[in-house]
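This report introduces a protein model to a reader who has not seen it before. It starts with the whole chain and then turns to selected places within the fold.

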Amino acid sequence: MSCDASASSWLCLRNPSTSCSSSPKRYPSFFSAVSCCTESTPADSSSSVSTRSYGRPWYNPLGSRRRELDRGPEISRLWVEADDQTLASPERFTVASYNTLADRNAFTHKDLYINVPYAYMKWSRRKRVICEELIGWNPDIICLQEVDKYFDISDILAKAGYVGSYKRRTGDTADGCATFWKVDKFRLLEGESIEFKGLGLRDNVAQLSVFEMCKATSRRLLIGNIHVLYNPSRGDVKLGQIRFLSSRAHVLSEKWGNAPVLLTGDFNSTPQSAIYKFLSSSEVSCSSVVVNLNIIVYLVQLNIMLYNRRELSGQRRCHPAQVFGVKQEISSPFSLIDGLLKNSWTDEEVKVATGNSECHVVVHPLNLSSSYATVKGSTGTREPNGEPLATSYHSKFLGTVDYMWYSDDLLPTRVLDTVSIEILRRTGGLPCKKVGSDHLALVSEFAFTQGTNEGNNSAASFISATDI
């Protein structure tokens with residue numbers, strides 16, 4: 001098991017001025033400084049204009065460029081309230097999840113941002129816009145993915161009352177996941193970092209954090225933060241990462257009194273995909289199994305042999321030209337052959353996906369729902385199943401890959417709606433004037449359900465599919 005909870009995986013910021021109590025803060029022992037390589041990016045420079053008087057008006061060569069930047073569509077996001085909040089308790093909290101687009105990735109893959117003005121791509125500007133977005137929404141917990149300038153962000157958020165933790169990806173990639181929280185709202189009870197490389201699941205990482213509300217100590221919460229592998233062809237690896245994160249979240253939840261679970265992040269899978277169905281308890285085969293002393297085991301399961309490994313994530317159908325109807329999908333002889341061979345999984349690929357080369361069913365023990373699918377928005381911004389039409393947009397992708405998955409002891413009371421496809425189309429691609437990344441942040445307010453006592457996750461125990 002490659003769950004690295006060592007001090008080198010987690011980082012605590014210097015204490016903000018606000019805290020749960022007036023006594024000095026004591027953080028868990030696994031928090032200590034880590035050695036991270038960061039680049040200090042100079043602040044945006046602006047041209048200075050002399051105040052001396054001349055016989056003719058001063059010509060600003062940047063003026064036309066600035067007017068071009070100001071012509072973009074207005075990005076306006078509104079809160080949408082849940083229709084039924086009868087089961088919601090008074091204790092509420094807000095969570096944001098945001099893939100911030102690593103600075104290194106932005107300039108390594110310039111072909112994805114050919115329609116984005118260079119000024120919008122500069123990290124010195126993007127970090128300011130990203131933090132303005134986050135601070136403006138005022139979430140209690142922030143989960144970020146694709147972070148390679150952690151200290152640039154943490155220094156700004158610290159002034160707004162947040163502390164944070166960071167886990168860098170293994171291998172040569174410089175980015176990772178970061179989780180921040182308000183110290184006057186939550187205290188951290190335990191943190192765990194997951195390195196998937198030790199499991200043969202690539203260099204991606206994830207974070208698990210158990211929090212307790214400062215003003216309601218009986219209220220505990222487990223937050224998961226993950227950036228799933230991007231590669232559209234490796235659905236087996238994506239399933240393996242999600243499967244392991246879910247099982248670890250369940251174990252940690254049980255350790256802390258069956259604390260409710262909230263898994264957030266960039267799952268690199270669309271709402272039409274088999275992976276989405278695997279995460280959503282309402283979309284796939286579920287079963288309750290009674291074992292031993294009448295312990296009810298809840299399992300969500302997916303038979304991977306019914307799907308093509310290369311199409312599990314649904315990413316291949318989200319090119320902007322396809323979404324806008326400019327280009328129709330054309331079946332080639334190779335795609336037809338690929339479809340005929342969809343059941344040709346190797347033993348190694350089966351093992352990666354399910355954890356057992358002899359088992360064709362992948363399972364997870366959590367009863368999860370998506371906050372955005374639960375709180376319905378307008379038809380202009382949402383899929384038929386309620387998910388946003390798009391949470392990411394660049395020259396080669398337009399679709400939804402970001403989610404907030406919650407267990408049944410939580411209830412989303414409102415979400416920050418996304419924007420319409422037409423508005424996104426007019427931007428030409430993200431980032432833009434008011435959005436600092438090529439993703440849109442997800443923000444949702446949650447309440448504990450009435451009657452929940454220190455968490456009561458419905459998955460009381462977990463067994464693998466091979467044990468049934």
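Helices and strands are DSSP runs here, of at least four residues for a helix (H or I) and at least two for a strand (E), numbered from the N terminus. In this predicted model, the protein chain holds 12 helices and 19 strands. Some totals for the chain are set out below.

| Property of the protein chain | Value |
|---|---|
| Share of the 468 residues that count as buried | 56% |
| Share of contacts with a separation of 6 or more that join residues 24 or more positions apart | 77% |
| Accessible surface | about 20,800 Å² |
| Share of the accessible surface that belongs to carbon and sulfur atoms | 49% |

One residue gives a local view. Threonine 418 lies in the loop that runs between β18 (410-416) and α12 (421-427). Its relative accessible area is 4%; buried means under 20%, so threonine 418 counts as buried. Leaving aside residues up to four places away in sequence, threonine 418 touches Arg77, Thr381, Pro388, Ala390, Leu440 and Leu442. Proline 388 is 30 residues from threonine 418 along the chain, and the C-alpha atoms of the two are 6.5 Å apart.

The inside of the model also has empty space. Two cavities of 30 Å³ or more turn up in a search of the whole structure. The second largest has a volume of about 30 Å³. Its lining consists of Glu146, Arg169, Asp175, Gly176, Cys177, Asn204, Val205 and His227. By class, these lining residues comprise three charged, three polar and two nonpolar.

Technical notes:
Residues numbered from 1 in each chain as written. Predicted model: local features only at pLDDT ≥ 70, side-chain atom pairs only at ≥ 80, totals over all residues. Heavy atoms only, no water. 1 Å grid on protein atoms, 1.4 Å probe; cavity = no way out; pocket = protein on both sides within 12 Å on 5 of 7 lines; lining within 4 Å. Points joined across faces, edges and corners; volume = space filled by probe spheres on them. Nonpolar A, V, L, I, M, F, W, Y, C, P; charged D, E, K, R; others polar. Buried < 20%, exposed > 50% of the residue type's maximum accessible area, 1.4 Å probe, protein only. Contact = heavy atoms within 4.5 Å. Areas by Shrake-Rupley, 256 points an atom, 1.4 Å probe, with all protein chains shown as cover.
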